[in-house]
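Hi,

Here is the structure I promised to pass on. Please have a look at it first, and then read my notes underneath.

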Amino acid sequence: MDDMSPLLEMKPKYTRSHPQSIFVFIFNLVCTYHAPSPPGSEQERLEYAVNSKRRALVITLRWANTHSYLLQEEPAALAFLEELYGSLSNDSRVLRALKDLVPDLEKIIKLHSEEAKATKKKTLLRQFSNGEERLQKKQPIRNQDDILLKVYCSDHTYTTIRVAVAATGREVIAAVADKLCTTEELVLLHLSSAGEKLMLKPNDVSVFSTVSINGRLFACSRGQLSTLTPHPEQEGPTAGSMSTFELMSSKDLAYQMTMYDWELFSCVHEHELLYHTFGRQSFRRTTANLDLFLRRFNQVQLWVVTEVCLCGQLSKRVQLLKKFIKIAAHCREFKNLNSFFAIIMGMSNPAVSRLSQTWEKLPSKFKKFYAEFESMMDPSRNHRSYRLTVTKLEPPIIPFMPLLLKDMTFTHEGNKTFIDNMVNFEKMRIIANTIRQVKHCRSQPFNPDICQPNKNQAEVRGYVRKFCVIDNQRALTQLSYRLEPRRT
Amino acid sequence: MPEQSNDYRVVVFGAGGVGKSSLVLRFVKGTFRDTYIPTVEDTYRQVISCDKSVCTLQITDTTGSHQFPAMQRLSISKGHAFILVYSITSKQSLEELKPIYQQVLAIKGNVEAIPIMLVGNKSDETLREVETKDGEAQANQWKCAFMETSAKTNHNVTELFQELLNLDKKRNMSLNIDGKRSGKQSRAERLKGKCSVM
């Protein structure tokens, strides 16, 4: 019974119509809790009652713990918990065997009712911008929060709108049209720095969270679509920042990157993995925290490529490669596999890996390190090399998130959710296994004392949170060919 | 980030609800709306002439609430000229400009070379709390220019922007692309009696 709790709430039939699912779930619990005892001796009847109630309570507690702050978005859930607490306080006077569960339930109710009151005031977020907000400690983005979005027009002016985090494409367009005082029919699209246009559908939820590193949201009429050009600032930097970070120690950089990754990883709610896999439209729930964490992976990767491609001097480029290998080594030491892989993948980007003159000059010691790191990325036998490494590590770990998501996607797409109108529990178990891995990775708190900070920590912290990158692969490749032209 | 060198950036500051967006919208689009939508940050573009060539006037409309100090600092450091707006119906709104002026002073250092216009908006309103001479006195103290406007009745709006451009002595700018002095501008000249340029 105990094992079923995460599965019960994942029955897709229920989750697709979320409001209903919660009522069915609560109803089941209430029925179990208040199940009438079958005829028998007084002793048997009491035992039966205690057992059913305990079962209902244990599942409720696990369910509440898994949902954590998401419970506050469900008034029915909070009401149910309070009602259950009322029944339990009464029953525990007679049924002493239930007493030990009272404080647990009390704790949960107290936490949520206080937090629900405190978070009534909507917060404003600009997490997806490059502003100073990045320096603040990350808090999870919740569905009821508001977000400020910059939406650009074809003439590169922008308007800032304020919408709910879970706002749909339709709602964003309506807000923009209202701001621009236009009755023209507008389309919303994502414009990448390379000029690729991706139309956003009116029923897409949380459209902003998948904006690429240098991508921007644009709104225009259909007629203007063909004339849209990326904003000049989307191109990214024209000079590298090596002069800034070569003075910072590799260990400090890895440490601050790990601190930031840990903050982002901690904000990801386990349910976001489900929304991501099953499609967030069907839940009308944001995956913003997960998207931010995934976005960071790309950002670190592009940071490596950008810095190398913007470094004109061969000897300096060799220094850069050495620096990145050192940072990667420290990330691995801090069990930050997300940034570790991002750096190694950045170095194996064609724009960097083709620079044979640079790689030739790299000392063999570093070449060996890099070869070893790269072998961990070997995808053969379903990433066996990486998986073996992770199982040997103790939490806290920052996992290589894209692989976990790939696992879930394959499980979802390769297995039917229903077989003969019955829930395919085997599939749910496999998905639950991946989520358990995420849970395991953060079952221990991150220890900030693993590194003795130098004096310039604030500077390092500021730097790693604001990497400026070029995210246009063609531009990066061009820069690379300029550094070391093709040999004829 | 490649700097667009032929952009002339004007930033509009002021307390919430004094009519910053209304002034900008009246100037750029010629429209006026009665409903109030709080602004976070919007930009607008207008083609003007500068030193006999064409350049873009970029107007940044800012938020009246003080929730975003970082955004405010950024717009000040990027701005070339500033419009500080209060409402003549609210003494408080003039008070609220003081920390903003101090901020501009702190970031730009020498404000005398920077075009700044103090604007008393809503001059069509009858329930006046700030007299014209109080506004002038404040402008005097701040060594900046002063004007009263009404976005609603379109009073002094174009004049405000032209006057602001005239204040910049390093460039020769005009709202008219052909660079000729039009009727509108000579009207601005005539109005100079009403607006005191310090």
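Is Thr56(B) buried or exposed? Thr56(B) is buried, because its relative accessible area is 16%, and the cut-off for that label is under 20%. Please keep in mind that this is a predicted model.

While you have that residue on screen, here is its setting. Thr56(B) belongs to strand β3 of chain B, which covers residues 53–62. Its side chain is in polar contact with the side chain of Asp7(B), at 3.3 Å. Not counting neighbours within four places in sequence, Thr56(B) contacts Asn6(B), Asp7(B), Tyr8(B), Arg45(B) and Gln46(B).

Another threonine of chain B takes us to the interface. Thr43(B) sits in strand β2 of chain B, residues 41–50. Thr43(B) counts as buried because its relative accessibility is 4%. A polar atom of its side chain lies 2.6 Å from the backbone nitrogen of Tyr158(A). With neighbours within four places in sequence set aside, the contacts of Thr43(B) are Thr157(A) and Tyr158(A) in chain A, and Gln58(B), Ile59(B) and Thr60(B) in chain B.

Now for the interface as a whole. Here 19 residues of chain A are in contact with 19 residues of chain B. Between them the two chains bury about 1,700 Å², with 52% of that area on carbon and sulfur atoms. Two salt bridges are counted between chain A and chain B. In one of them, the side chain of Arg33(B) meets that of Asp178(A), with 3.3 Å from N to O. There are also nine residue pairs in polar contact across the interface, both residues of each pair being at pLDDT 80 or more.

Which elements of chain A supply at least two residues each to the side that touches chain B? They are β2 (146–152), β3 (158–164) and α7 (169–179). Of these, β3(A) gives the most, with three residues. Sorted by class, that side of chain A has six nonpolar, five polar and eight charged residues.

One last item concerns an annotation on chain A. An unreviewed UniProt entry lists residues 249–486 of chain A as "domain: Ras-GEF". Over residues 249–486 of chain A, the chain is 70% helix and 2% strand. The C-alpha atoms at the two ends of that stretch are 34 Å apart.

I hope this gives you a good start, and do write back with any questions.

Best wishes

Key
Residues are numbered from 1 along each chain as its sequence is written. Chains are lettered from A and ligands numbered from 1 in the order in which they are written. Side-chain values use heavy atoms; hydrogens and water are left out. Contact means heavy atoms within 4.5 Å. Buried area is the accessible area (1.4 Å probe) that two parts lose on being put together, summed over both. A salt bridge is a side-chain nitrogen of Lys or Arg within 4 Å of a carboxyl oxygen of Asp or Glu. A polar contact is a pair of N or O atoms within 3.5 Å; within protein, one must be able to donate a hydrogen and the other to accept it, and residues adjacent in sequence count only if both atoms are side-chain atoms. Helices (H or I, at least four residues) and strands (E, at least two) are DSSP runs, numbered from the N terminus. Ala, Val, Leu, Ile, Met, Phe, Trp, Tyr, Cys and Pro count as nonpolar, Asp, Glu, Lys and Arg as charged, and the others, Gly among them, as polar. UniProt positions are given in the numbering used here, feature names are shortened, and annotations may be inferred rather than shown by experiment. Buried means under 20% relative accessible area, exposed over 50%, partly exposed in between (1.4 Å probe, protein chains only).
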